[in-house]
Amino acid sequence: MDALLFMLGGTVAAISFPLFFPRGRRKELNRRKAAGENVPDKEYEPPQWVNWTTAGGIVAWVVFSFILFRS
């Protein structure tokens, strides 16, 4: 059961990034680039709050896993 909870937490942390940086936005940027439009690399980066939210989620997962598995 502990291993299952650990894997579930890792999966949630891994899929959180695509949820905050939607596929539609990436598709639009790729379409514009394929059409020959000059798309700066900076537009492919997610907003700063997405990075901090993802990092916070991973840290919370690590802390929760530590508390859960320390015994």
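1. Start at R32. Setting aside neighbours within four places in sequence, R32 is in contact with E37, V39 and E43. The model is predicted. R32 belongs to helix α2. Its relative accessible area is 17%, so R32 is buried, the limit being under 20%.

2. One of those contacts is a salt bridge. The side chains of R32 and E37 meet with N and O 3.0 Å apart. The two partners are covered unlike one another: R32 counts as buried at 17% relative accessibility, whereas E37 is partly exposed at 41%.

3. A search of the whole structure gives 2 salt bridges. Besides R32 with E37, there is E28 with R31, where the closest N and O atoms are 2.7 Å apart. Both E28 and R31 sit in helix α2, residues 23-34. They are 3 residues apart, about one turn of the helix. In general, an α-helix has 3.6 residues a turn, so residues three or four places apart point the same way.

4. How accessible are the two ends of the E28 to R31 bridge? E28 has 35% relative accessibility and counts as partly exposed. R31 has 47% and also counts as partly exposed. Both values fall between the 20% and 50% cut-offs, which is why neither residue is called buried or exposed.

5. Now look at L29, another residue of helix α2. Is L29 buried or exposed? With a relative accessible area of 1%, L29 is buried. Beyond its neighbours within four places in sequence, L29 is in contact with V39, E43 and Y44. For Y44, the C-alpha distance to L29 is 7.3 Å, with their positions 15 residues apart along the chain.

6. Read the two contact lists together. V39 and E43 appear in the list for L29, and V39 and E43 appear in the list for R32. Y44 is listed for L29, and E37 is listed for R32.

7. Check the geometry of α2. The helix has 12 residues, and at 1.5 Å a residue it should span 16 Å. Its end C-alpha atoms are 16 Å apart, so the model agrees with the expected span. After α2 comes G36, which has a positive phi near 95°.

8. Next, the surface. V59, V63, F66 and I67 make a nonpolar patch of about 400 Å². I67 lies in helix α3, which covers residues 48-69. The relative accessible area of I67 is 48%; this is under the 50% limit for exposed, so I67 counts as partly exposed. It is still over the 30% needed for a patch residue, so I67 can be part of the patch.

9. Finally, the whole chain. What secondary structure does the protein chain hold? It has 3 helices and 0 strands. Along the sequence the pattern is α-α-α. The chain has 71 residues, and 15% of them count as buried. R32 and L29 are both among the buried residues.

10. Two totals complete the picture. The accessible surface of the protein chain is about 5600 Å², with 68% of it belonging to carbon and sulfur atoms. Among contacts with a separation of 6 or more, 62% involve residues 24 or more positions apart.

Note on methods:
Residues are numbered from 1 along each chain as its sequence is written. This is a predicted model: local features need pLDDT of at least 70, side-chain atom pairs count only at pLDDT 80 or more; totals for chains, interfaces and linings use all residues. Side-chain values use heavy atoms; hydrogens and water are left out. Patches are made of residues with over 30% relative accessible area and no salt bridge: like charges are joined within 9 Å, nonpolar side chains (Val, Leu, Ile, Met, Phe, Trp, Tyr) within 5 Å. Accessible areas come from the Shrake-Rupley method with a 1.4 Å probe; for residues, only the protein chains shown count as cover. A salt bridge is a side-chain nitrogen of Lys or Arg within 4 Å of a carboxyl oxygen of Asp or Glu. Helices (H or I, at least four residues) and strands (E, at least two) are DSSP runs, numbered from the N terminus. Buried means under 20% relative accessible area, exposed over 50%, partly exposed in between (1.4 Å probe, protein chains only). Contact means heavy atoms within 4.5 Å. The expected span of a helix is 1.5 Å times one less than its number of residues.
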